Structure formats: C-alpha cells, structure tokens
Amino acid sequence: MRTIRMIAMACLLGAMSPAIAFDFGSIDWKKAAETVQKVQKARTDIDEPQEIVLGDGIASNLLGAAPLLDNAAVQRYVNRIGRWLASQSERPDLPWLFGVLDDSDVNAFSTPGGNVFITKGLLAQMNSEAELAGVLAHEIAHVVRKHHVLAIKKGAQAELLTDLANDAIRQKGGDPKLAKLVSAGTEVYARGLDKNDEYEADRMGVVIAARGGYDPYGLPAVLQTLQSLNPSDSSLALMFKTHPALGDRLELLDEEMSDQFAGLENQPDLADRFFQALGAGKK
Amino acid sequence: MRRLFAFCVLFGFASAVWAADFARTIRATELKAQPYSDAKTLESVPARSRVEILKRQSGWTRVKTATASGWVKMLSLRVEAGTGARRGDSGLGALFNVASTGKSGSTVTTGVRGLSEEQLTNAQPDPKALQAAKRYAVSKQEAQRYAAEGKLQAKSVDYLSGGR
C-alpha cells in the first residue's frame, strides 16, 4: 500500500513538473497509474452481492416505516407487472421484488438490488396498468442506474462503506455495522436523490414502459393526476420534498416525448385488467 | 364513480370527493377532432387558455374549451392544482403534524409508523415483512406469461437523449 502511494505521488510529481530530475529507472508509468486507479476503484465499488444486501437492509427499514398491504392478489399482480418491465431493462436478472405499502401517502421507492415499493395512496390515484407500469418503470430506472448506491457513496466515506458491506456479507446481516450503513442509506430516502436522477428516471421510465408494450404516456398521466391534487395535502409532503416540481418533470417529458412516441400511442393501457386485478371490477 | 367507490372500499379511504379537473394550455395548441396529429383541426387554442378535462387517451386529452370539445396533446396542458382533489386529507396526517410540532417535540411521532421524513429516518427494520414480501415475487417466466395474457408485446425502444 505504501509503495503504491509512493508511486502515485511520483506520478503526480512527474505529471506536474516533468523537469524534476529523479531517475525512476524502468518504471512503467502508465501501468503504475492504472494500478493506482484499480486499487482506488476496488475500494469504492460496491459489487452486485453487496448491493443486494444493502438494498434488502433498506427495504427492511422501509417496511418498518410502512407495512406491506395485506392483499396477496394485489401484491402478486404488481410483481407480475414489475418483473415484466424489469426484464426489459439492462439488469433483468436481479432478484426483483415489488410491493404495495399499506400507507395513504402518495409515494414510490426503490432500493439498490431491485426492491421496488409503491404506496396504496399512489396506486389509488391510478387509472390503468400502463400508469402503474410507468411508475414502476421510473423506479426500475433508479435501480438500473444505481442512483441510490451512488447517492449513498457520495454521502459516506467510500472506504468505510465497502468495509461495512463486506463485513455485512460475511456476517449475514446480523452485524450492527450493517445497521449503520443501512440507516445512512435510508436517509437518502428522506432527503431525496439529485433532481437530475429523477429526470433521468422519468426519461428512462417512459421508454421501459414502451419496451414492455404499454402505452408510454402512463407515467406523465400519473404526474398530471398528482398535479391536480391539493398540494398542501400531507400525503404528498415527502414525495414533493424529495422530487422536482411536477410541472418541471412534465415539461421535460414534453420536450423529449415527441416523434419517437407517436407510433407507440396505440399500445394498450390495460385499464380493465388493472381494475379487475385490484378487485375493483370492470370499469 | 363505481371505480372510485371500489378503490375507497379496497384501500379503506373514508371519503372521496369528485370534482372536475381544469387545466391551462402551456402553449398555443390545436384542438383536434380525433386523438391523433393528422386529425381535423377544430380550432386553435391560445396559450394559457383554461379548459375542462374530460378524458385522456394515451398522449391525448379530451377537453372542453369555451366554444368546443376536442383533443389536445396531453403534455400541452398544465393541470390546475387542488381543483380535482379526489380525496381530501384524511385528517390523521394533520393530527400527527400537530402532535410532532407540539411542546414535546419530535419524540411524539417516534414509534408511529409512516412515510414522513422523520418516520423514515427513525424506522425500525422489519426483516420479517421483507421475507413475507419476497413470497409474492414472481419469476421472469411467470411475468412473461402474464404479459402475453394481456397481449403485451416487447419491443426495442431507445432511451431518450435528455437533451444531450
């Protein structure tokens, strides 16, 4: 480790003032620099198994905040839609899990590793399977782009983070260190992601829904419905705090969803199946 | 209305109020006879016109202007906040907020489950609930079967550029 630091230092000096007359003999500078980079990367990267353990810890916390809706048919239905959409993403083989939270707040969450939750409060604002698909696809996009992992890394000392994740895996979750990591992770959900991450998830969400064969306008339709609600309703508070303004999100989708989506407008929205699956009968 | 009622029953919402939704056009927009671009134009709707929302179909919304009904592009509308509240605040949220800002401070809400910022930060993990949730997970194959049942067809669509 010390050697590597010295090499790194030497690289730095070398780069900054090439005139310094040290004789480093036959050192391969390019290779040394690569080694430094590799070591740093290994210390800060969270691999997939670590990501899944971390995500399950956060999911367990979210479920501590709001319980799972006690309705097997609805849970199964949301998993079928979500898993189909995840299969259209760049990470089709994560252990994807979808769940409806028994909470009247209007919100949806995803954790690293592929856990996605939506509240019954948000579900109750929807009018079709394509709308559900749009919201789930937005959450899937966060997982695909590892937005939460990156936000957690930004907030924690990277080195510490990976050590904790490794410890956690070794001890199969019984580790108090994992609790620390997970609680750091859970804070991201109270604080929110960067607004550009949200815009990206919107842009990717409409595409993932379209790839799944759905009417791609489901997500913007949900955003418009939320726009129609009373903004001072406390059930919207956290969602509003942690996301960019609905008007801004819709405006960006308006700019992006032009020609490319004209041919996809006739894709089904499966509104009837949505209401049947939720036990609400035919519309 | 029946749908809404069913939702209220399903999710236990005590009451629901239906009101018409209104929106303003964010730019000058053509009112079309049918929900597609080359349909007949009924009239031109100036920017910032107030219209009543009648229904939505994919990227189009059927609206009523002062003089006619027809279709405009859904994303050319900014929906008015608050006018179409389908359910009001249950009252519980307000109650908790009052409690949490009272003299005894934030500790009041500790232990009350919920998805407020504070409740999330103080949540106690529930690994059993996660295990229970995992029992509902489905395989890729099952998801594919269900998609086929709904006549959904996967297709290749490129991601949007994000203005870059």
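**Chain B and the shared core of a predicted model**

Of the 164 residues of chain B in this predicted model, 28% count as buried.

Reader: What pattern does chain B follow when read along the sequence?

Author: Chain B holds 5 helices and 7 strands. Reading along its sequence gives the order of these elements, which is α-β-β-β-β-β-β-β-α-α-α-α.

Reader: Of the contacts in chain B between residues at least 6 apart in sequence, what percentage join residues at least 24 apart?

Author: Two residues are in contact here if their C-beta atoms lie within 7 Å. Among such contacts in chain B between residues at least 6 apart in sequence, the share that joins residues at least 24 apart is 47%.

Reader: Which helix gives the largest share of the largest nonpolar core?

Author: The largest nonpolar core has 103 residues, and A:Ala133, A:Leu136, A:Ala137 and A:Ile140 are among those with the most contacts inside it. The largest share, 10 residues, comes from residues 129–144 of chain A, helix α6. Chain B also takes part, with at least three residues from each of domain 1 (16–79) and domain 2 (92–126). The helix asked for is therefore α6 of chain A.

Reader: Which residues does A:Ala209 touch, not counting those up to four places away in sequence?

Author: A:Ala209 is one of the residues with the most contacts inside the core. Beyond four places away in sequence, A:Ala209 touches A:Leu85, A:Ala130, A:Ala133, A:Gly134, A:Ala137, A:Tyr214, A:Pro216, A:Gly218 and A:Leu219.

Reader: How many nonpolar residues has the side of chain B that touches chain A?

Author: The contact takes 78 residues from chain A and 64 residues from chain B. On the side of chain B, elements giving two or more residues include α1 (2–11) and α5 (140–149). By class, this side has 14 charged and 19 polar residues, and its nonpolar residues number 31.

Key:
Residues are numbered from 1 along each chain as its sequence is written. Chains are lettered from A and ligands numbered from 1 in the order in which they are written. This is a predicted model: local features need pLDDT of at least 70, side-chain atom pairs count only at pLDDT 80 or more; totals for chains, interfaces and linings use all residues. A nonpolar core is a set of buried Ala, Val, Leu, Ile, Met, Phe, Trp, Tyr and Cys residues joined through C-beta atoms within 7 Å. A residue is buried if 20 or more other C-beta atoms lie within 10 Å of its own, exposed if 12 or fewer, and partly exposed in between; C-beta atoms are placed from the backbone. Helices (H or I, at least four residues) and strands (E, at least two) are DSSP runs, numbered from the N terminus. Domain bounds come from an automatic or database domain assignment. Ala, Val, Leu, Ile, Met, Phe, Trp, Tyr, Cys and Pro count as nonpolar, Asp, Glu, Lys and Arg as charged, and the others, Gly among them, as polar.
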